[in-house]
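Student: Can we go through this structure together? I'd like to start with its charged side chains.

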Amino acid sequence: MPQHIVIRRVGPHALTRALAWLRLCAIAGQSTAVLVCAWWLDLQIPLLPLLLGIGVLAVFAVFAAWRLAQPWPLREWEAVCHIAFDTLVLGYLLYFTGGASNPFITLLLVPIALTAAALPGRSVLAVSALAGVAYVILLYAHVPLPLPPNGSAPGRFSLHVAGMGVNFVIMALLLSFFISRLARVLREQQKEVQRVRERALRGEGILAIATQAAGAAHELNTPLSTMRTLLPELRREHAGNPLLDEDLALLEEQVDRCRTILREMIAFGKAQLSQDPERIRVDKFIHGCLERFQLLRPEAELALSLDETLAALVLRTPAGLRHALINLLNNAADASAANGSNAVSLRITRDDRWLELSVSDRGPGFDSADELTRLGYSRKQSGLGIGLALAEATAERLSGELVARNVEHGAEMCLRLPLAVIAEPDEAGR
């Protein structure tokens, strides 16, 4: 992924959505302005053509709302067509109301400003050209604004000044409201790109660790096999020394344990490559994880809370989920041990369409809000310190999340996973 990513455009969909709201405001404002001029100011404007243009704009607004609700993506040329239609309707209305002499002629700049905030330069040039052509045409071809009823020049000037004041207010509101909305969308997209970039960088780090682990597993297999061959012979040669025999038996047991771990690493790698999830009931999956955890941490006092109805749920568990849960349990055991306790608890619950695996400890908890929001690499002094990072990466890969919070007697890590991803299709909606 590129190291420097900058979003320069908000995009056609955000622009078209902003235009939809702006179009509704334009319909309301234009209708009010036409009726006020015709009925209150008693100006002899062509009422029927103006209302016809506003009606056409209303029909297009309905079409635009329908288009936004469709699932297929909005293209750049579609957004330009929407802007072009709005510009043409505005030019049509200005034609019957004085053309370029109308104080609202500057509204032709609004489509250009919105396009410049959302679309590439070629679209800005096209909209600018259209608005410029409309302005030039309206300079020479238009229906003059009728005089006020008294026919005096000051009356027309006062009407023009009032129109300029209203136009200034409209322009200020439009530019401040809609441009700020587009800018907010831009900031949100930039934040999302930053999050994706951070995930990619973390994924590269985890991939590097996995590569090193695979190489280490391959290289360790030979010396472990040699030790497994020599240790029984050493035990036979020193059978008369009970203390040495006991130590050699312990070494032999540890070598067998290392070989078992290596075989599991190889099996895990094959499962990852095959992308074939394991189908297993929740209770069997949890008990398998706990058996492995108890072998790693026999001193831990584990409390399990699992509902019987949830125990029968069949999961499609990827290979990384088991390791993520064991990492959380191991971190919880370390946190409890730092506080002079061996207590660790695991609670499995279901929240609507989410499966929650909550691991609690009796440790000191998190010191600040920054630690609660920033998981990443753990700060513990023992171990490799990447358990939380691996667990969080697994959660993100499964469209879930890892939530950290302080509880009454320590901290809790909640691994939330969508059932639509990890459960059998016929059971995810139950």
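Tutor: We'll take the salt bridges first, then burial, then the annotated spans.

Student: What kind of model is this, and how are residues numbered?

Tutor: This is a predicted model, where local features need pLDDT of at least 70 and side-chain atom pairs count only at pLDDT 80 or more, while totals for chains, interfaces and linings use all residues. Residues are numbered from 1 along each chain as its sequence is written, and side-chain values use heavy atoms, with hydrogens and water left out.

Student: How many salt bridges does a search of the whole structure find?

Tutor: The search finds 11. A salt bridge here is a side-chain nitrogen of Lys or Arg within 4 Å of a carboxyl oxygen of Asp or Glu.

Student: Why do such side chains pair at all?

Tutor: Opposite charges can pair when the charged atoms come close.

Student: Which side chain meets Glu 76 in a salt bridge?

Tutor: Arg 122 does, at 2.9 Å from N to O. Glu 76 is in helix 3 (residues 76–95) and Arg 122 is in helix 5 (residues 121–140), so the bridge ties together parts 46 residues apart in sequence. Helices are DSSP runs of H or I with at least four residues, strands are runs of E with at least two, and both are numbered from the N terminus.

Student: Is Arg 122 buried or exposed?

Tutor: Exposed, with a relative accessible area of 59%. Buried means under 20%, exposed means over 50%, and partly exposed is in between, using a 1.4 Å probe and protein chains only.

Student: OK, strands now. Which residue pairs with Glu 412?

Tutor: Arg 347, with N to O at 3.3 Å. Glu 412 sits in strand 7 (residues 410–418) and Arg 347 in strand 4 (residues 343–351), 65 residues apart. Glu 412 is buried at 4%, whereas Arg 347 is partly exposed at 32%.

Student: What about Asp 351? Which residue does that one bridge to?

Tutor: Arg 416, and their closest N and O atoms are 3.5 Å apart. This pair also links strand 4 with strand 7. Asp 351 is partly exposed at 38%, and Arg 416 is buried at 13%. Both belong to a salt-bridge network with Glu 356 and Glu 401.

Student: New topic. Where does UniProt put the transmembrane regions?

Tutor: The unreviewed entry annotates residues 21–41, 47–65, 124–145 and 157–179. UniProt positions follow the numbering used here, feature names are shortened, and annotations may be inferred rather than shown by experiment.

Student: How much of 21–41 is helix?

Tutor: 95%, with 0% strand and end C-alpha atoms 29 Å apart. Residues 124–145 are 77% helix and 0% strand, and their end C-alpha atoms lie 31 Å apart.
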